[in-house]
Amino acid sequence: MQEHWILICFVLGIWLLVSGMMLYHNYKNRKLFLQRIGQSWGKVPDAVYTADQMERLSIYGKHKARREPFFVDEITWKDLDLDRIFQRMNHTVSAPGEEYLLYLLRTPQLKEEQIWERDRLIQLFAQDTEKRSALQVILAQVVKSRRRSIGEALQALETAEYIGK
C-alpha cells in the first residue's frame, strides 16, 4: 500500500514539475514576443514573400473584393507595385491578418464615415500600446503560416487562450 502512495506522489511530482516548466516557458515566450513586437513597432518589416506566397495570400482578398462596389484590378495592382507596399507595411502576426490586409489594400474605402472609423482605430492602436500588444498576443496564437487558410486560422482562434483584464 505504501508503494502505491510513493508511486502516486512521484507521478504527481513529475506532473507538477512539467506543468511548472510549461507555465514558465509560456510566460517567457510571451515576454519575448511582447519585447519583439515593441521593438518592431514603426519599423519596416524584413519579411520577403515569393510570388507564390503572395498569390496564395491574395486569394481571399481577390475573391471578396469582387463583391465590393470598387476594387483595385490586377493591372492597376501591378502598376502600383502594391505587393511591395504590402510587404513594407505588413506587421500582422497571423495568417488571417495578412490576408485581410491585402483585402484592405485591394478595396480602398470611399465612404467618409468608414475612412474616419479606420483612422480612429489606427490612432487607438498607435497610442494605446497595452491594447495593441494584448490583441497581438491573442492573434499570434492563430499562427502565421503560409499553409493555413483563413477558415483554419479562425478555428485555431476559437481555442486560443483569452487574455483579458
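**Exercise 1. Identify the residues that make up the largest nonpolar core, and find which helices supply it.**

Solution. The largest nonpolar core consists of ten residues, namely Tyr49, Met54, Leu57, Val72, Trp77, Leu82, Phe86, Leu101, Leu102 and Leu105. A nonpolar core is here a set of buried Ala, Val, Leu, Ile, Met, Phe, Trp, Tyr and Cys residues joined through side-chain atoms within 4.5 Å, where buried means under 20% relative accessible area, exposed over 50%, and partly exposed in between, with a 1.4 Å probe and protein chains only. At least two residues of this core come from each of helix 2, helix 4 and helix 5, and helix 5 gives the most, with three residues. Helices are DSSP runs of H or I with at least four residues, numbered from the N terminus. In soluble globular proteins, nonpolar side chains tend to be buried together.

The model is predicted, so that local features need pLDDT of at least 70 and side-chain atom pairs count only at pLDDT 80 or more, whereas totals for chains, interfaces and linings use all residues. Residues are numbered from 1 along each chain as its sequence is written, and side-chain values use heavy atoms, with hydrogens and water left out.

**Exercise 2. Describe the surroundings of Phe86, starting from its accessibility.**

Solution. Phe86 is found in helix 4 (residues 82–89), and because its relative accessibility is 0%, Phe86 counts as buried. Leaving aside neighbours within four places in sequence, Phe86 is in contact (heavy atoms within 4.5 Å) with Tyr49, Met54, Leu57, Glu98, Leu101, Leu102 and Leu105. One of these partners, Met54, is 32 residues from Phe86 along the chain, and the two C-alpha atoms are separated by 9.6 Å.

**Exercise 3. Classify the aromatic pair of Tyr100 and Tyr103, and compare the burial of its two members.**

Solution. Rings of Phe, Tyr and Trp (its six-membered ring) pair if their centres lie within 6.5 Å, and planes under 30 degrees apart count as stacked, over 60 as edge-to-face and the rest as tilted. By this rule there are two aromatic pairs. In one of them, Tyr100 and Tyr103, the centres are 5.3 Å apart and the planes make an angle of 45°, so the pair is tilted. Both residues lie in helix 5 (residues 95–106), three residues apart, about one turn of the helix. An α-helix has 3.6 residues a turn, so residues three or four places apart point the same way. Tyr100 is partly exposed because its relative accessibility is 38%, whereas Tyr103 is buried, with a relative accessible area of 6%.

**Exercise 4. Locate the charges that lie over the rings of Tyr103 and Trp77, and follow Arg106 to its contacts.**

Solution. A charge sits over a ring if NZ of Lys or CZ of Arg is within 6 Å of the ring centre and within 35 degrees of the ring normal. Lys64 lies over the face of Tyr103, at 5.2 Å from the ring centre, and Arg106 lies over the face of Trp77, at 4.2 Å from the ring centre. Arg106 is part of helix 5, and Arg106 counts as buried because its relative accessibility is 4%. Apart from neighbours within four places in sequence, the contacts of Arg106 are Gly61, Lys62, Ala65, Phe71, Val72, Asp73, Glu74 and Trp77. Among them, Phe71 belongs to the loop between helix 2 (51–65) and helix 3 (74–79), and Phe71 is partly exposed, with a relative accessible area of 32%.
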